[in-house]
Amino acid sequence: MEEYFLRTMAAPHQARKLSKTAVFLLRQYLLDEELLHDIDLALCEACFNVVMHAYPDGRLGDVEIAVRLEPEGFVELRVADWGRGLDWERVRFENPGASAESGRGLFILRKLADALEYGSAEGKNQVVIRKNIGSSAWKNSA
């Protein structure tokens, strides 16, 4: 098992750079470019949600990505913040429709993840994205 922790300020440019860094790390382990693209999209959406919703009224805060790899098994991505959490009881993962102005991020995450968990504890809000990855997609697999 390998694990990495990346953290930066929750601002658009910094959060995007953070997600790109996570994908760069994963590229050292994974062969499948389409899979890496899906992971990149999921991380972008999760980080964008933090930037847009976690720290209202000009407050500053951080976004963190934890990457956990179980070679020939799965990749787990935890995107966390310490800002205003979502009301998880009201969160819906349905497509909000073409006329909606927001609400697509969690829908996209659900579609890209094999498993998706979310919640808040001890001041930390977290979305956990898990992708199961077959052995042939890993570099140096037998």
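Is Gln14 buried, exposed or partly exposed? Gln14 is partly exposed, with a relative accessible area of 28%. Before following this residue further, please keep in mind that the model is a predicted one.

**The overall layout**

Welcome to a protein with 3 helices and 5 strands. Reading along the sequence, you will meet them in the pattern β-α-α-β-β-α-β-β. Of the 142 residues in the protein, 42% are buried. Now take the contacts between residues at least 6 apart in sequence: 64% of these join residues at least 24 apart.

**Two residues of helix H1**

Gln14 is found in helix H1. Once its neighbours within four places in sequence are set aside, Gln14 is in contact with Thr8 and Met9. You can also compare its position with that of Cys47, which is 33 residues away along the chain: the two C-alpha atoms are separated by 9.7 Å.

Ser19 lies in helix H1 too, which covers residues 12-27. Ser19 is buried, because its relative accessible area of 0% falls under 20%. Its side chain reaches the backbone oxygen of Arg16 at 2.9 Å. Which residues touch Ser19, leaving aside its neighbours within four places in sequence? They are Asp40, Leu43, Cys44, Cys47 and Ile65.

**Helix H2**

Helix H2 runs over residues 33-54 and so has 22 residues. From its first C-alpha to its last it reaches 30 Å, close to the 32 Å expected at 1.5 Å a residue. At the start of H2, you can find Asp32, with a side-chain oxygen that comes to within 2.9 Å of the backbone nitrogen of Glu34.

**The nonpolar core**

In soluble globular proteins, nonpolar side chains tend to be buried together. Here, the largest nonpolar core has 37 residues, and Leu26 and Leu30 are those with the most contacts inside it. At least two residues of this core come from each of H1, H2, strand S2 (62-70), strand S3 (74-81), helix H3 (104-112) and strand S5 (124-132). H2 gives the largest share, 10 residues.

Leu26 is a good place to look at this core in detail. Apart from neighbours within four places in sequence, Leu26 is in contact with Leu36, Ile39, Val67, Leu69, Val75 and Leu77.

**An exposed residue in helix H3**

Lys111 is found in helix H3. Why does Lys111 count as exposed? Its relative accessible area is 56%, and exposed means over 50%. The C-alpha atoms of Lys111 and Asp38 are separated by 9.8 Å, although the two residues are 73 apart along the chain.

**Around the aromatic rings**

A search of the whole structure finds 1 aromatic pair. Arginines also lie over the faces of rings, as the table shows.

| Arginine | Ring below it | Distance from the ring centre |
|---|---|---|
| Arg7 | Trp82 | 4.0 Å |
| Arg130 | Phe74 | 3.5 Å |

**Looking back**

To retrace the tour, you could start at Gln14, which is partly exposed, and go on to Ser19, which is buried. From there, Leu26 leads you into the core of 37 residues, and Lys111 brings you back to an exposed position.

Methods:
Residues numbered from 1 in each chain as written. Predicted model: local features only at pLDDT ≥ 70, side-chain atom pairs only at ≥ 80, totals over all residues. Heavy atoms only, no water. Helix = DSSP H or I, 4+ residues; strand = E, 2+ residues; numbered from the N terminus. Expected span 1.5 Å × (residues − 1). Polar contact = N/O pair within 3.5 Å; in protein donor to acceptor, adjacent residues only side chain to side chain. Buried < 20%, exposed > 50% of the residue type's maximum accessible area, 1.4 Å probe, protein only. Contact = heavy atoms within 4.5 Å. Phe/Tyr/Trp six-rings, centres within 6.5 Å; stacked < 30°, edge-to-face > 60°. Lys NZ or Arg CZ within 6 Å of the ring centre and 35° of its normal. Core = buried A, V, L, I, M, F, W, Y, C linked by side-chain atoms within 4.5 Å.
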